Structures are given as C-alpha cells and as structure tokens.
Amino acid sequence: MPTYREATKTDAENIALLHAANWQLNYRGILDDYYLDHQVEADRRKVWSERLSTPDNTMYIVLAEEEGMLIGFGCIFLEESETYGAYLDNLHVLADYSGRGIGKVLMSLLARKVIAKEGRNDMYLWVLRDNKGAIRLYEKLKGERKEQVTEKEIGNDPVEKIRYYWPDVSDLIVEESS
C-alpha cells in the first residue's frame, strides 16, 4: 500500500528519473524524440535539483512511495494565477502503478494544500492534447476543459495543450485509503 509524504532536497534525483521515464513513455511522438532519448534525464535532473535546492515558498511537492520506492508525485504552485488559482505543474505515476488510485490520492493531497494555504479553492493545469491517459484522469476527476492552445514547449516543435480547471478543489478530496 502506498505511503505519501512531502518531498525534500534528497528526493530530486528520484523525482527527475520518474518524470523523465514518464515523458519518454507518454510523450513519444509529441515531444522531440532526440530530446526524449538523449536529453530528458539531464533536463529533468536540472529542473528538480534547482526546485528542491532553493524551493519556492508557493511550491508543494507530494510523493507516493511503496516499500521505499518512488511510484508517483505531484507538484503544485499555490499562487500562480489570479484567474485560475493554483497551478498543478506535475502529476506522475509510474506506469506499473497506474489505475490503482494513486493519482487520485495525490490530487486529493494537493487539493487539501490548496484549500489550507491559498484561501481560495480553484486550480488548473495544462496537459498535452495527445496525452490521452492524463486527459481521461482529469475528466474522470471532473476537470473543466477551458481552452486549447498551440505553443512551443521543449525544443522548437509546437504542441497542442489543453487547460483543465477545477473551480472548487474540495470535490477532489478523498480518503487516502481510496
């Protein structure tokens, strides 16, 4: 059974490797293949090392672990948008653990943090249009599809992404045993 805790500086490497592995699995054909094959691990290591060595006081990262192994994480920025509230920057669960409710519990824990810290109850995220698994989760969790845009992400190739919005994250709260 997974356990959940807040991330610390020492978690940067494991978060980076899980993040990179999920991008390699889910973003093939969406992001540049060369980047995914040769650069994503170093890039994610840099991002997570920087984030955790000098944390932003609006950032909160929660980890899901099983038998000491990182199996998922979520990262939120609590004061990101005047219009949409908190920004869910990352939600990742290892493929072998997908479908077990871990993403739902991570979302619940992040929702609790939004309510407790920010004083407002809304949250949004961006998801790549072709990331069908993530879209299924966000729609199952009653995220509202607000808009679709085309922007350059990693590399020079434009990607289509969709903004999902939860006007009241209290609807995401579940018991951790779920």
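## Exercises on residue environments and helix packing

With a relative accessibility of 65%, Lys142 counts as exposed. This value, like those below, is computed from a predicted model.

### Exercise A: backbone of two loop residues

Task. Determine where Lys142 is found and what the sign of its phi is; then treat Glu67 likewise, stating where it is found and whether it is buried or exposed.

Solution.
- Step 1. Lys142 belongs to the loop that joins H5 and E6.
- Step 2. Its phi is positive, about 65°, although Lys142 is not a glycine.
- Step 3. Glu67 is placed in the loop between E2 and strand E3 (69-81).
- Step 4. The phi of Glu67 is near 50°, again a positive value in a residue other than glycine.
- Step 5. Exposed means over 50% relative accessible area. Glu67 has 83%, and is therefore exposed.

### Exercise B: the two sides of helix H5

Task. Identify which residues of helix H5 (residues 132-140) are buried, explain why they lie on the same side of H5, and state which strands they pack against.

Solution.
- Step 1. The buried residues of H5 are Ala134, Ile135 and Tyr138.
- Step 2. These residues span an arc of only 100° around the axis, and so they are on the same side of H5.
- Step 3. This can be set beside a general property: an α-helix has 3.6 residues a turn, so residues three or four places apart point the same way.
- Step 4. The exposed residues Arg136 and Lys140 are carried by the face of H5 turned away from its buried side.
- Step 5. The packing partners of the buried residues of H5 are strand E4 (85-93), strand E5 (123-128), strand E6 (144-152) and strand E7 (158-166).

### Exercise C: packing of H1 and H3

Task. Describe how helix H1 (residues 12-26) and helix H3 (residues 40-53) pack, and which residues make the contact.

Solution.
- Step 1. Two packed helices are described by the angle between their axes and the distance between the axes.
- Step 2. For H1 and H3 the angle is about 140°, and the axes are 8 Å apart.
- Step 3. Angles over 145 degrees would count as roughly antiparallel. H1 and H3 are therefore oblique to each other.
- Step 4. Their crossing is right-handed.
- Step 5. H1 contributes Ala12, Glu13, Ile15, Ala16, Leu17, His19, Ala20, Trp23 and Gln24 to the contact, while H3 contributes Val40, Glu41, Arg44, Arg45, Trp48, Ser49 and Leu52.
- Step 6. Sorted by class, the contact of H1 with H3 comprises nine nonpolar, three polar and four charged residues.

### Exercise D: three further residues

Task. Decide whether Ser108, Thr58 and His38 are buried or exposed, and give the location of each.

Solution.
- Step 1. Buried means under 20% relative accessible area. Ser108, at 1%, therefore counts as buried.
- Step 2. Ser108 lies in helix H4 (residues 102-118). Leaving aside residues up to four places away in sequence, Ser108 touches Leu172, Ile173 and Val174.
- Step 3. Thr58, at 13% relative accessibility, is also on the buried side of the cut-off. Its position is the loop between H3 and strand E2 (59-66).
- Step 4. With residues up to four places away in sequence again not counted, Thr58 touches Ile76, Phe77, Leu78 and Glu79.
- Step 5. His38, by contrast, counts as exposed at 54% relative accessibility. This residue is found in helix H2 (residues 33-38).
- Step 6. The C-alpha atoms of His38 and Arg5 are separated by 31 Å, the two residues being 33 residues apart along the chain.

Methods
Residues are numbered from 1 along each chain as its sequence is written. This is a predicted model: local features need pLDDT of at least 70, side-chain atom pairs count only at pLDDT 80 or more; totals for chains, interfaces and linings use all residues. Side-chain values use heavy atoms; hydrogens and water are left out. Axes are lines fitted to C-alpha atoms, for helices over the stretch in contact, and angles run from 0 to 180 degrees between N-to-C directions. Helices (H or I, at least four residues) and strands (E, at least two) are DSSP runs, numbered from the N terminus. Angles under 35 degrees count as roughly parallel, over 145 as roughly antiparallel, 65 to 115 as roughly perpendicular and the rest as oblique. A crossing is left-handed if the near helix is turned anticlockwise from the far one by less than a right angle, and right-handed if clockwise. Contact means heavy atoms within 4.5 Å. Ala, Val, Leu, Ile, Met, Phe, Trp, Tyr, Cys and Pro count as nonpolar, Asp, Glu, Lys and Arg as charged, and the others, Gly among them, as polar. Buried means under 20% relative accessible area, exposed over 50%, partly exposed in between (1.4 Å probe, protein chains only). The arc is that of the directions from the helix axis to the C-beta atoms.
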